[in-house]
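Q: I am new to this structure and would like a close look at a single part of it. Please take me through that part slowly, in connected prose.

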Amino acid sequence: MIDNSAQEREHAPPRSWRSALDNLRHDVPASLVVFLVAIPLSLGIALASGAPIVAGLIAAIVGGIVAGALGGAPLQVSGPAAGLTVIMAETINEFGWAATCAITVLAGALQILLGLSRIARAALALSPAIVHGMLAGIGVTIVLAQLHIVLGGSAQSSPIDNLLQLPAQILDPHGPATLIGLITIGILLVWGKLPAAVRKVPGPLAAIVAVTVFSLVAGLEVPRVDIPANVLDISFAPDFPDTGWFDFGVAVVTIALVASVESLLSAVAVDKMHTGPRANLNRELLGQGAANMTSGALGGLPVTGVIVRSSTNVQTGARTRVSAVLHGVWVLLFVAVLAGLLRNIPLAALAGLLVHVGAKLVNLNHIKQVLRHGDLPVYLITLLGVVAIDLLTGVLIGVAAAALIMLRRLLWSGIHAERDGDKWRVVVEGALSALSIPRLTSVLGTIPRGATVTLELVVDYLDHAAFDTLSAWQHSHEEAGGQVIVDEIGHPWFERGKAGEPTVHKAKAQRIAPRWFAPWSDWQQAQQEEPVEVPEQRQPRESSMRRGMVEFERRTSELVRPILGKLADTQNPETLFITCGDARIVPNLITSSGPGDLFTVRNIGNLVPDHETCAAGSDASIGAAVEFAVGVLKVREIVVCGHSSCGAMKALLGGVPAGAPALESWLRHASPSVERAKTHAPIRIGDSLPASEADQLALHNILQQLDRLREYPTVAAAEARGEVDLVGMYFEVGAARVHLYDPKANAFVSADSVDGVVNGTEESNPMVTG
């Protein structure tokens with residue numbers, strides 16, 4: 001058989017060509033769909049802006065070809081945007097069309113400067129609530145203006161006038177135009193509910209074509225699109241005004257910033273729709289700037305990235321920027337060859353399309369998002385500002401509102417006073433600043449003179465004014481015979497408040513463990529006026545435990561209640577944890593575990609009596625716990641945890657204290673551990689031996705208890721089935737370090753240097769003793 005594969009490979013196109021051809025198979029169909037969407041939208045936006053109709057088509061062509069080729073978001077499609085219609089209408093009304101084209105050119109140049117300065121991402125600092133509110137305001141403005149055209153009338157000069165005149169317009173509709181507009185809106189509303197095969201035709205295109213054909217067949221006399229006889233006879237349109245340069249400059253900056261923000265936000269949104277290369281936002285600004293300079297020079301509207309066309313581009317399978325460029329080419333060919341068809345489109349049809357587009361700018365999903373984030377006031381303020389005043393002022397008011405709300409959140413403080421028996425507690429949470437002083441002084445004023453007050457500060461920040469207020473109140477209250485106990489949770493801003501010395505820099509404050517980790521003596525003694533140098537563990541009988549319980553109720557209960565609620569009727573621990581009763585060993589602390597994780601057994605010396613003794617009924621509690629944990633709860637591992645400076649190990653070596661017969665009887669279970677330490681090689685902790693003989697005995701004792709556990713039939717059977725692993729653990733109290741036993745090295749090694757348990761075998765898990 002003759003092999004022609006080598007010859008075929010020789011004549012096959014290069015890999016890069018094959019890839020390009022494959023991309024074209026997806027980009028060309030996508031570009032045709034986007035082109036069909038772009039034509040009616042471009043005409044409608046030009047109509048709403050008060051610009052020449054052809055200006056929307058020029059912007060679509062330039063946006064597709066120039067921005068598509070030069071921009072940094074490959075799948076983004078650019079063109080005239082509904083978000084700029086209000087600004088453009090105001091600009092054209094104030095400066096005229098020729099000067100507006102010059103403004104568009106300069107706005108493009110400013111965008112290029114912004115792109116070169118590489119600050120594109122700074123535009124994303126604008127709150128989404130402001131952007132969405134701006135778009136919603138634009139949408140409302142478009143709807144109010146275009147409804148007049150749908151009803152056969154003319155739009156007024158401002159959104160407020162349009163709103164006030166709308167009732168009269170509704171009562172006096174112009175039949176044919178109103179019919180065309182309403183049919184257009186009706187088609188657009190139902191199009192998304194039609195079968196998928198029908199929806200392959202873009203809704204805007206279907207609506208415009210349908211009503212145009214209907215108006216021609218029915219012979220309706222309605223205003224139609226005015227297209228120049230020779231659309232391609234384009235001359236350079238920009239012209240600079242003779243006066244009003246400040247307002248002219250404001251318009252340039254406004255259009256540049258709004259177009260930039262809209263393009264960047266659209267690019268970020270498009271990135272979330274596909275898995276291809278991410279957008280280069282600085283390059284995108286350069287491309288948008290070049291497109292706006294070109295569009296303005298040719299007499300077109302400003303160009304931005306448009307989310308409607310971009311999402312259509314992605315959803316129809318586009319892979320590269322070729323799709324966006326081709327869509328601009330198709331618009332150009334259409335205008336050159338079939339421009340006459342555009343003259344048949346009724347203006348009321350385009351107005352109906354714009355009513356639908358404007359209504360969609362008031363996006364319910366956006367409203368839900370800003371509501372979830374607590375930014376609905378910013379959204380509504382921006383929307384009302386855009387509609388009632390103008391777009392730039394509305395956005396600036398929105399920015400100011402967002403800044404004030406952010407400042408309030410940053411400087412928020414919750415302040416309240418509560419009785420604590422015969423005493424009082426003043427709780428301050430959040431950031432305590434000068435803005436909170438009126439509320440603070442009001443609450444402090446409710447405290448009776450001479451009362452004992454705990455000032456509980458859970459603050460992120462304490463400014464100078466608030467510090468002085470607290471310090472002055474503390475002095476005044478104590479001079480009147482009262483007592484103020486400062487209880488700070490976290491950074492000690494007011495630790496030396498009585499002396500007028502704030503601890504501003506956190507580096508100067510002593511780092512302390514959270515209360516749920518620290519001993520009672522640490523955090524309770526810190527509240528005393530004259531804390532002893534070495535706090536005693538034992539406080540007055542009712543003090544430590546009771547105050548700890550109150551602290552749990554006050555701070556922890558609400559946090560753990562959802563977890564404990566799920567565990568109320570069942571437990572499914574992963575680990576049986578056998579450890580010493582020593583007060584310094586806190587299993588949940590050294591294992592970062594919580595309720596339901598550990599089934600814990602504690603006794604003197606973390607001992608496991610032999611199985612026969614437990615079965616005979618003597619010291620049976622340990623055996624019962626082991627059998628329950630392994631046989632009923634099905635724990636996956638058993639940990640025996642010993643520790644340094646263990647009193648039981650010291651008693652084994654130095655003798656049991658006199659008068660402790662029960663302790664002496666219990667420690668007989670550790671006799672094999674003593675023998676093991678005498679007959680076996682020393683065990684290391686890392687690379688060194690423990691400093692004391694008692695600590696060496698503690699290491700041997702851990703391994704001896706693991707051997708004892710294997711004598712229990714329940715444990716032996718579970719281990720043989722690979723259902724449970726036995727782990728030796730050693731805790732160095734002074735160093736606060738946890739070590740696990742590695743049988744291969746015959747040493748206890750650092751917990752972070754070992755792999756996880758796999759199948760419970762020594763080969764796969766170095767921590768399982770053999």
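Which strands does helix α20 lie across, and at about what angle does helix α20 run to β5?

A: This is a predicted model, and in it helix α20, which covers residues 464–479, lies across β4, β5 and β6, running at about 170° to β5. To place that helix, it helps to turn to the sheet that these strands belong to. The sheet is open and has four strands, in the order β3-β4-β5-β6, and the pairing within the sheet is mixed. Its edge strands are β3, residues 413–420, and β6, residues 483–488, each of which pairs on one side only, while from one strand to the next the twist averages 15°.

Strand β5, to which the angle of α20 was given, spans residues 452–462 and pairs with β6 in the parallel sense, over six bridges. Within this pairing, Leu457 has Glu488 of β6 as its bridge partner.

A further helix belongs in this picture: α19, made up of residues 437–444, lies across β3 and β4, where β4 is residues 423–432, and helix α19 runs at about 5° to β3. Taken together, β4 is crossed by α19 and also by α20, whereas the edge strand β3 is among those that α19 lies across and the edge strand β6 is among those that α20 lies across.

How values were computed:
Residues are numbered from 1 along each chain as its sequence is written. This is a predicted model: local features need pLDDT of at least 70, side-chain atom pairs count only at pLDDT 80 or more; totals for chains, interfaces and linings use all residues. Side-chain values use heavy atoms; hydrogens and water are left out. Two strands pair if DSSP finds at least two bridges between them. Helices (H or I, at least four residues) and strands (E, at least two) are DSSP runs, numbered from the N terminus. Axes are lines fitted to C-alpha atoms, for helices over the stretch in contact, and angles run from 0 to 180 degrees between N-to-C directions. Contact means heavy atoms within 4.5 Å.
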